[in-house]
Amino acid sequence: VYEELRHKEKLAVIGQMAAGIGHEIRNPLSSLRGFAQLQHERSPNTNEFYPIMIQEIDRINSIVNDLMYLGKPKEINFEKARIEEIIAYTLSLTQQQAEMQGVKVETFMEGPLPPIECDGKQLKQVFLNLIKNAIESMTDEGRIKINVKIVDGQRMFISIHDEGCGIADSNILNLGEPFFTTKKDGTGLGLMVTNQIIKDHNGELKIESEIGKGTEVKVNLPIFQQKRKQK
Ligand code: ADP
Ligand code: MG
C-alpha cells in the first residue's frame with residue numbers, strides 16, 4: 001500500500017509539472033508550426049524539409065498533450081458524433097505511416113450506425129493511439145481490420161485487430177501504466193490516456209493478444225450518456 005501511495009504521489013507531482021510545462025510549450029510550438037507551414041506554401045518545391053518539420057512538431061504536440069493528461073484529465077464535452085467520421089479522420093492522419101510500412105487497413109461497418117454521445121476530439125485521440133499502436137506492432141507489411149457494430153441498440157463495439165508482434169503475457173498487466181513502453185522511442189502514455197478517455201465515456205477497453213500473431217483491441221462505448229456524470 002505504501003509503495004502504491006508513493007507511486008500515486010509521484011504521478012500527481014509529475015502531472016502537475018507536466019501540465020504547467022506542457023501549456024508553456026504548446027504556444028511557441030504552434031507558432032513554429034504556423035511559420036513552417038507558411039514557408040512551405042511559399043516555396044513548396046524547394047523546401048522538402050518543411051513537411052518533416054511539421055510532422056515532428058505534431059509529434060511533440062501529441063506527446064505534450066498526452067503528458068498533460070497525467071495531471072488533469074480534461075473536461076468532457078458530450079455531443080453527438082459519428083464514429084465512422086472519427087475513425088476516417090484518424091485514418092487520414094495515420095495513412096502515410098501505414099503506407100510507408102506497407103500496412104493495409106480495412107474497415108467494416110455493420111451499418112446503419114447511429115451517432116453516439118461522446119467527446120469527438122477525445123475519441124479521435126483514442127483511435128489515433130490505438131491505430132498507431134497497431135501499425136507500430138507490425139515491422140513488415142500486414143493488415144489491420146477495424147470492425148464497428150452496434151449491440152442491443154445500446155452500445156457501439158469497435159475492434160481493432162492487427163497482425164503484429166503481439167504482447168507478452170508478462171507485459172499485459174503493465175499496459176496503461178504511465179511510461180510503460182517496449183518501443184525504442186515510445187512514451188508509454190498512449191494507452192494510459194486512451195483508457196482514461198474511455199472510462200470517462202463510461203466505456204470499456206479490452207486487449208487480447210497472442211505473441212507473434214497479433215493483437216485485438218476491443219472498445220465499447222455507450223451510445224447515450226447518462227444525463228450528468230456525478231463526480
Ligand atoms: P507507446 O506506444 O508509446 O509504447 P502505449 O501506451 O501506446 O505507449 O503502449 C504501451 C505498450 O503496449 C507498447 O510499447 C507495446 O509494448 C504495447 N502495445 C500496445 N498496443 C500494442 C499492439 N497493438 N501490439 C503490440 N503491442 C502493443
Ligand atoms: Mg502508443
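# Strands, core and ligand shell of a predicted model

Strand β2 (residues 103-109) and strand β4 (residues 142-151) run parallel and are joined by seven bridges. Strands are DSSP runs of E with at least two residues, helices are runs of H or I with at least four, and both are numbered from the N terminus. Two strands count as paired if DSSP finds at least two bridges between them.

The structure is a predicted model, in which local features need pLDDT of at least 70 and side-chain atom pairs count only at pLDDT 80 or more, while totals for chains, interfaces and linings use all residues. Residues are numbered from 1 along each chain as its sequence is written, and chains are lettered from A and ligands numbered from 1 in the order in which they are written.

## Overall form

The protein chain contains six helices and seven strands. Along the sequence they follow the pattern α-α-β-α-β-β-α-β-β-α-α-β-β. The C-alpha trace spans about 55 × 45 × 40 Å along its principal axes. The radius of gyration is 19 Å, which agrees with the value near 17 Å for a compact globule of 231 residues; this radius is taken over C-alpha atoms, and the globule rule is 2.2 Å times the number of residues to the power 0.38.

Two residues are in contact if their C-beta atoms, placed from the backbone, lie within 7 Å. Among the contacts with a separation of 6 or more, 73% join residues 24 or more positions apart.

## Strand pairing

In the pairing of β2 with β4, K104 stands opposite R143 in β4. β4 is also joined by eight bridges to strand β5 (residues 155-162), and these two run antiparallel. Here I150 stands opposite M156 in β5. The two strands β4 and β5 form a hairpin with three residues between them, and the turn includes D152.

## Buried residues and the core

A residue is buried if 20 or more other C-beta atoms lie within 10 Å of its own, exposed if 12 or fewer, and partly exposed in between. By this rule, 23% of the 231 residues are buried. In α6, the buried residues are G190, L191, M192, V193, T194 and I197.

A nonpolar core is a set of buried Ala, Val, Leu, Ile, Met, Phe, Trp, Tyr and Cys residues joined through C-beta atoms within 7 Å. The largest such core has 31 residues, of which I83, F127, L130 and I160 touch the most other members. Helix α4 gives the most to this core, with six residues. Beyond its neighbours within four places in sequence, F127 is in contact with I86, I87 and T90. In soluble globular proteins, nonpolar side chains tend to be buried together.

## Positive phi angles

Two loop residues other than glycine are compared below.

| Residue | Phi | Loop | C-beta neighbours inside 10 Å |
|---|---|---|---|
| D152 | about 60° | between β4 and β5 | 6, exposed |
| F179 | near 75° | between α5 (169-172) and α6 | 13, partly exposed |

N202, which follows α6, also has a positive phi, near 60°.

## The shell around ligand 1

The shell around ligand 1 has 21 residues, and the closest are S137, T181, G186, G190 and L191. A residue belongs to the shell if its C-beta atom, placed from the backbone, lies within 6 Å of the ligand. Two elements, α4 (120-136) and α6 (190-200), give two or more residues each. The largest share, three residues, comes from α4.

The shell divides into seven nonpolar, twelve polar and two charged residues. In this division Ala, Val, Leu, Ile, Met, Phe, Trp, Tyr, Cys and Pro count as nonpolar, Asp, Glu, Lys and Arg as charged, and the others, Gly among them, as polar.
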